[in-house]
Amino acid sequence: MTVVGIGEDGFKGLGRTARHALLRASHIVGSDRQLALLPLCISGERELWPSPFSLEPLLARKGEPVCVLASGDPMFYGVGASLAKQVPSEQMLVIPAPSSCSLAAARMGWPLQDVVTLSLVARPLAALNGYLSTGLRLLLLSNDRHSPAAVATLLRERGFGPSTMTVLEHLGGAAERRIDGRAAQWSDDTVADLNLIAIECRAEPSTPRLSRLAGLPDTAFEHDGQLTKRDVRAITLARLAPTPGELLWDVGAGSGSIGIEWMRTHPSCRALAIEADEGRQALIERNRDSLGVPGLQLIRGKAPQALEGLERPDAVFIGGGVTRAGVLDACWAQLKPGGRLVANAVTLQSETTLMHWRERHGGELTRIHIAQAQPLGEFDTWRQALPITLLDLVKPLDA
């Protein structure tokens, strides 16, 4: 199986290896637009991707001289990446063309290694919220012609109206076109479906700075008071120690702050927010979108029952419900060997539960005292927040 990346310049833009592969192919699979780029001398039977999209018909032809057409670099948000999950590398040859992002970086004069690239193709636009920061350069693969206007609206709403936007259409082809503007004044509605958006982020002076490090301001979250406060949240996430690709269970998620900040540390981090209260479930959904992690999965229900059948986690945080029968036991049983469990307690009863748990399983108990300076008449004094007891332990590898 050969996967050929083809650009807007069509067959003439392909190298010798790609051309020979297409000439030898018995079947060629691609989209209408891609197949139309091939000349008549290509005799292989042409097949459109099935609708709804499926790789099954293609995989059934394993062993035959089949070519798959893909836009630009097939391994960059392309069908090559999907095929690589099911076809061994020794059974597949990938011949890339320049990706649209490579072409866009060349047009913009931006070093590609310094640019953040995202795809909006069949993905939530809210994911963009997690990357907005003054000075950052973004290349966005558009879903369709409506994407630039939607992106401009989001930028204005998030306080990034001064950002510059460049829409690049049909990169590498005869119909290539460039449209420049600012998000605050964006109004062009003549954009082609095949386009890419280049953004240089600029925030308004009053726009809050939201770091990707743990400990966002409490004001970044909508909440009803059930929120792990900023300093405690930073300490908790340091103990949870997120690393790329790991899954967190946020049990008794409240407003979702721990799971959201876990996912903001790296694009491949995942989290399940388990929450029984309907009002807080709505808060989690709004917070995950506004802070750029729409992939956070909300589990509606009460632990431990709601934990049944969930994917086993690499880390567990219990912010609420440690005194509920079976919650700690269920989380510990499902936690992967080597995984981390962190639980916070505010009440005497929940603290006692953590102390008894430590006697059985070990771990480290930490008491966190936070005080803030507040006015007292003409002077200032320290106002002590409720102390937090934190249990932190790692599950043995042989457990």
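Let me begin with a convention: angles under 35 degrees count as roughly parallel, over 145 as roughly antiparallel, 65 to 115 as roughly perpendicular, and the rest as oblique. The structure I am presenting is a predicted model, and that convention applies to two of its helix pairs.

The first pair is α10, residues 327–334, and α11, residues 348–361. Their axes come within 12 Å and cross at roughly 40°. Helices α10 and α11 are therefore oblique to each other. As for handedness, α10 passes α11 in a right-handed crossing. On the α10 side, the contact is made by Leu 328, Asp 329 and Trp 332. On the α11 side, the residues are Thr 353, Leu 354, Trp 357, Arg 360 and His 361. Sorted by class, this contact of α10 with α11 comprises 4 nonpolar, 2 polar and 2 charged residues.

The second pair is α7 and α8, which pack at an angle of about 55° with their axes 11 Å apart. That angle makes α7 oblique to α8. The crossing of α7 and α8 is right-handed. Helix α7 contributes Arg 233, Thr 236, Leu 237 and Leu 240 to the contact, while α8 contributes Ser 257, Ile 258, Glu 261 and Trp 262. The residues of this contact of α7 with α8 divide into 4 nonpolar, 2 polar and 2 charged.

Let me now place these helices in the whole chain. The chain has 11 helices and 19 strands. Its C-alpha atoms fill a box of roughly 80 × 55 × 35 Å, taken along the principal axes. Of the 399 residues in the chain, 44% are buried. Among contacts with a separation of 6 or more, 63% are between residues 24 or more positions apart.

I turn to the interior. Which residues touch the most other members of the largest nonpolar core? They are Phe 221, Leu 240, Leu 248, Trp 262 and Leu 296, in a core of 27 residues. At least two residues of this core come from each of α7 (230–240), α8 (257–264), β12 (270–275), β14 (315–318) and β19 (388–394). Helix α8 gives the most, with 4 residues.

Trp 262 deserves a fuller account. Leaving aside neighbours within four places in sequence, Trp 262 is in contact with Leu 237, Leu 240, Ala 241, Pro 242, Glu 246, Leu 247 and Leu 248, among others. Its further partners include Cys 269, Arg 270, Ala 271, Ala 315 and Arg 340. Apart from the largest core lies another, of 25 residues, among them Ile 299, Val 327, Trp 332 and Ala 345. Trp 332, as I said, also belongs to the α10 side of the first helix contact.

Two buried residues outside those helix pairs are worth describing. Leu 35 is in helix α2, residues 32–35. With a relative accessible area of 8%, Leu 35 falls under the 20% limit and is therefore buried. Not counting residues up to four places away in sequence, Leu 35 touches Ile 28, Gly 30, Arg 46, Glu 47, Leu 48 and Leu 69. Its C-alpha atom is separated by 50 Å from that of Gly 215, which is 180 residues away along the chain.

Ala 183 lies in the loop between β9 (177–182) and β10 (195–200). At 0% relative accessibility, Ala 183 counts as buried. Beyond its neighbours within four places, Ala 183 is in contact with Ala 152, Leu 155, Arg 156, Phe 160, Gly 161, Ser 163 and Met 165. The C-alpha atoms of Ala 183 and Arg 202, 19 residues apart along the chain, are separated by 9.7 Å.

I close with the backbone. Most residues other than glycine have a negative phi, and most peptide bonds are trans. Where are the cis bonds I wish to report? One joins Ser 51 and Pro 52, with omega about 5°; Pro 52 is in the loop between β3 (45–48) and α3 (56–59). Another joins Ala 303 and Pro 304, with omega about 10°, and Pro 304 is found in the loop between β13 (297–300) and β14.

Positive phi values also occur. Tyr 77, though not a glycine, has a phi of about 55°. This residue is in the loop between β4 (66–71) and α4 (79–84), and is partly exposed, with a relative accessible area of 41%. Ala 241 has a positive phi near 55°. Ala 241 is in the loop between α7 and β11 (247–251) and is partly exposed at 34% relative accessible area. Ala 241 is also one of the contacts of Trp 262.

How values were computed. Residues numbered from 1 in each chain as written. Predicted model: local features only at pLDDT ≥ 70, side-chain atom pairs only at ≥ 80, totals over all residues. Heavy atoms only, no water. Axes fitted to C-alpha atoms, helices over the stretch in contact; angles between N-to-C directions. Left-handed = near helix turned anticlockwise from the far one by under 90°. Contact = heavy atoms within 4.5 Å. Nonpolar A, V, L, I, M, F, W, Y, C, P; charged D, E, K, R; others polar. Core = buried A, V, L, I, M, F, W, Y, C linked by side-chain atoms within 4.5 Å. Buried < 20%, exposed > 50% of the residue type's maximum accessible area, 1.4 Å probe, protein only.
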